[in-house]
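Biologist: I would like to learn how to read a model such as this one, feature by feature. Could we begin with the aromatic rings and work outwards from there?

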Amino acid sequence: MKILVVYESSYGNTHLIASAVGEGLGEAPEVEVVPVAKATRELVRQADLVVVGGPTHVHGMSREQTRRAAIDAAAKPGSSLRLDPDAEGAGLREWFDGLPPITTKAAAFDTRVDAAALITGRASKGISRQLRRHGLHEIAEPVSFLVTKENHLVDGQLAAARQWGKMLASTMIELTAGTRGAAP
Ligand SMILES: Cc1cc2nc3c(=O)[nH]c(=O)nc-3n(C[C@H](O)[C@H](O)[C@H](O)COP(=O)(O)O)c2cc1C
């Protein structure tokens, strides 16, 4: 079973969460965790499950201007923010624009500030909408992992991400077994 985890990350938190989700999924034979710039159509086409996550910017998925604002904030003198190695490329929104319709299983996650979702918004809702628009079938509810206002992961979020990855792996195994069971 091939599983692809695709992430967008400005400051590295979503990258860390994506890696932890990948660890949780790890019992599956082939799990690949890649930044959005390296998530080729071919990789997506070959995957049995595609997990997609990005940071919440201005209540939803990032845009070019919000990623530019993130880069500018990190460049300010005295800023403690560090850019993720792949922060300067395109985001998930543009990635989805170039993705053809594809029928495979999927799941969405985001990172957002640790406050009520009504106030922060959730990029995972937009990601989920895009997944469905492209014909992908979600096997789990979209989920958020939390960062502090200073942009550090809240304690316990990596463990929660590993746990979510494990849950996705078990769901895939159950679905595969169900399909086999239903075969004539
Ligand atoms: C331009 C910009 C806008 C943001 N807007 C929101 C927001 O509306 N809601 C929220 O919860 N977090 C917001 N954040 C915080 C990000 O969600 C946070 O930086 C991100 O989850 C960290 O992930 P990363 O380290 O992978 O970039 C914003 C951050 C930036 C840079």
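## Aromatic rings and their surroundings

Modeller: This is a predicted model, and a search of the whole structure finds four aromatic pairs.

Biologist: How is the geometry of the pair formed by Trp 95 and Phe 96 described?

Modeller: A pair of aromatic rings is described by the distance of the centres and the angle of the planes. In the case of Trp 95 and Phe 96, the ring centres are 5.1 Å apart and the planes meet at 65°, so the pair is edge-to-face, given that an angle over 60 degrees counts as such.

Biologist: Are Trp 95 and Phe 96 buried or exposed?

Modeller: The idea is to compare the relative accessible area with a cut-off, and buried means under 20%. Trp 95 has a relative accessibility of 11% and therefore counts as buried, while Phe 96, with a relative accessible area of 0%, is buried as well.

Biologist: What is the geometry of the pair formed by Phe 109 and Trp 164?

Modeller: The centres of the rings of Phe 109 and Trp 164 lie 5.9 Å apart and their planes are at 70°, so this pair is edge-to-face. Phe 109 belongs to strand β4 (residues 105-113) and Trp 164 to helix α7 (residues 157-182), so the pair ties together parts that are 55 residues apart in sequence. Phe 109 is buried, with a relative accessible area of 0%, and Trp 164 counts as buried at 8% relative accessibility. Ring pairs also bring in Phe 145, so that Phe 109, Phe 145 and Trp 164 are linked into a cluster.

Biologist: Which residues is Trp 95 in contact with, once its neighbours within four places in sequence are left aside?

Modeller: Trp 95 lies in helix α4, and with those neighbours left aside, it is in contact with Val 6, Val 36, Ala 39, Val 44 and Val 52. For a sense of distance, Gln 46 is 49 residues from Trp 95 along the chain, and the C-alpha atoms of the two are separated by 17 Å.

Biologist: Let us turn to a helix and its cover. Which residues of helix α6 are buried?

Modeller: An α-helix has 3.6 residues a turn, so residues three or four places apart point the same way. In helix α6 (residues 123-133), the buried residues are Ala 123, Ser 124, Gly 126, Ile 127, Ser 128, Gln 130 and Leu 131. The elements that cover them include β3 (49-55), α4 (92-97), β4, β5 (137-138) and β6 (143-147). Just after α6, Gly 135 takes a positive phi of about 90°.

Biologist: Which residues other than glycine have a positive phi?

Modeller: Val 58 and Asn 151 are examples, and it helps to read the backbone angle together with the place in the chain and the accessibility. Val 58 has a positive phi of about 45° although it is not a glycine; Val 58 lies in the loop between β3 and α3 (64-75) and, at 68% relative accessibility, counts as exposed. Asn 151 has a phi near 70° and is found in the loop between β6 and α7, where its relative accessibility of 25% makes it partly exposed.

Biologist: Where is Ala 117 found, and what is it in contact with?

Modeller: Ala 117 is found in helix α5 (residues 117-120) and is partly exposed, with a relative accessible area of 31%. Leaving aside neighbours within four places in sequence, Ala 117 is in contact with Arg 112 and Arg 122. Its C-alpha atom is separated by 9.1 Å from that of Ser 144, a residue 27 places away along the chain.

Biologist: How many helices and strands does the whole protein have, and in what order do they run?

Modeller: The protein has seven helices and six strands, which from the N terminus on run β-α-β-α-β-α-α-β-α-α-β-β-α. For overall size, one compares the radius of gyration with the value for a compact globule: with 184 residues that value would be near 16 Å, and the protein has 16 Å, which agrees. Buried residues make up 49% of the 184 residues, and among contacts between residues at least 6 apart in sequence, 78% join residues at least 24 apart.

Methods: Residues numbered from 1 in each chain as written. Predicted model: local features only at pLDDT ≥ 70, side-chain atom pairs only at ≥ 80, totals over all residues. Heavy atoms only, no water. Helix = DSSP H or I, 4+ residues; strand = E, 2+ residues; numbered from the N terminus. Rg over C-alpha atoms; globule rule 2.2 N^0.38 Å. Buried < 20%, exposed > 50% of the residue type's maximum accessible area, 1.4 Å probe, protein only. Contact = heavy atoms within 4.5 Å. Phe/Tyr/Trp six-rings, centres within 6.5 Å; stacked < 30°, edge-to-face > 60°.
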